[in-house]
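Here is a quick walk through one fold, starting from a single loop residue and working outwards to the sheet and the core. Have the viewer open as you read.

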Amino acid sequence: MDKSLIENNAETQDWIAEAMKAALGEAEAAMEHGDVPIGAVVVQNGNIITSQHNRREVDGDPTAHAEILALKQAAVLLNTWRLTGCSLVVTLEPCIMCAGALALSRIDSLIFGAYDQKMGACGTLYNIACDPRINHRFNVTGGVMEKSCSALLKDFFENLRLAPKPDLMPISE
Ligand SMILES: [Zn+2]
């Protein structure tokens, strides 16, 4: 086997692992304000240029998903909406909205951690990334550091279930 190919692959693995670790760090930060732990980073030439986490609850914004925020920040930073040459690395498979935004941004590739059985639009329920009817397609790699990504989500929802419910105030005169 070609040795340079092996080395290139090892290099590729390095930046993906580093980016996913950063995305996991962002996901943890989301929990600090009661948001579902999902984090995303945009990578250009192997360097993380933006990192964001889910802010739906804290911002009261149904569109404040980690991916949307990371894409918007990257567009501002690069001074263009066209994110050709960039990759998005996110802890959970993107939903329909985020997969649509990835196509609109002309991104090169998507790397995600956990698969999303309820909303996943990059292979699970839909495959927006390689639908021939859509005018931009991007590469997808799923299941990267999947265990860490899904454990974070599982713990979050378990803690929610175990959290004490506020007592109902008795009606009194
Ligand atoms: Zn989304």
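Which residues does V36 touch, not counting residues up to four places away in sequence? The contacts are A30, N54 and F156. Keep in mind that this is a predicted model.

V36 sits in the loop that links α1 to β1. Is V36 buried, exposed or partly exposed? It counts as partly exposed, because 19 C-beta neighbours lie inside 10 Å, while a buried residue needs 20 or more. The chain also brings V36 and F157 together from 121 residues apart, with 8.3 Å between their C-alpha atoms.

Now for the sheet. It is an open one with 5 strands, running β2-β1-β3-β4-β5, and its pairing is mixed. The edge places go to β2 and β5 (139-141); each has a single partner strand, so one side of each has no neighbour in the sheet. On average, neighbouring strands are turned by 20° against each other, direction ignored.

Two of the strand pairings look like this:

| Pair | Sense | Bridges | Example of facing residues |
|---|---|---|---|
| β1 (39-44) and β2 (47-53) | antiparallel | 6 bridges | Q44 opposite N47 |
| β3 and β4 | parallel | 5 bridges | S87 with S109 |

Two helices pack on this sheet. One of them, α3, touches β1, β2 and β3, and its direction makes about 135° with that of β2. The other, α5, touches β3 and β4, with about 60° between its direction and that of β4.

Back at the β1 and β2 hairpin, 2 residues lie between the strands, and N45 takes a positive phi near 50°.

What about the inside? The largest nonpolar core holds 41 residues, and those with the most contacts inside it are A23, A70, L88, V89, V90 and L110. Elements giving two or more residues to this core are α1 (3-31), β1, α3 (66-78), β3 (86-92), α4 (96-104), β4 (109-114) and α5 (146-162).

A70 is a handy one to click on. Leaving aside neighbours within four places in sequence, which residues is A70 in contact with? The list is A40, V41, V42, T50, S51, Q52 and L88. That fits the wider picture of α3 touching β1, β2 and β3.

Technical notes. Residues numbered from 1 in each chain as written. Predicted model: local features only at pLDDT ≥ 70, side-chain atom pairs only at ≥ 80, totals over all residues. Pairing = 2+ DSSP bridges. Helix = DSSP H or I, 4+ residues; strand = E, 2+ residues; numbered from the N terminus. Core = buried A, V, L, I, M, F, W, Y, C linked by C-beta atoms within 7 Å. Buried ≥ 20, exposed ≤ 12 C-beta atoms within 10 Å, placed from the backbone. Contact = placed C-beta atoms within 7 Å. Axes fitted to C-alpha atoms, helices over the stretch in contact; angles between N-to-C directions.
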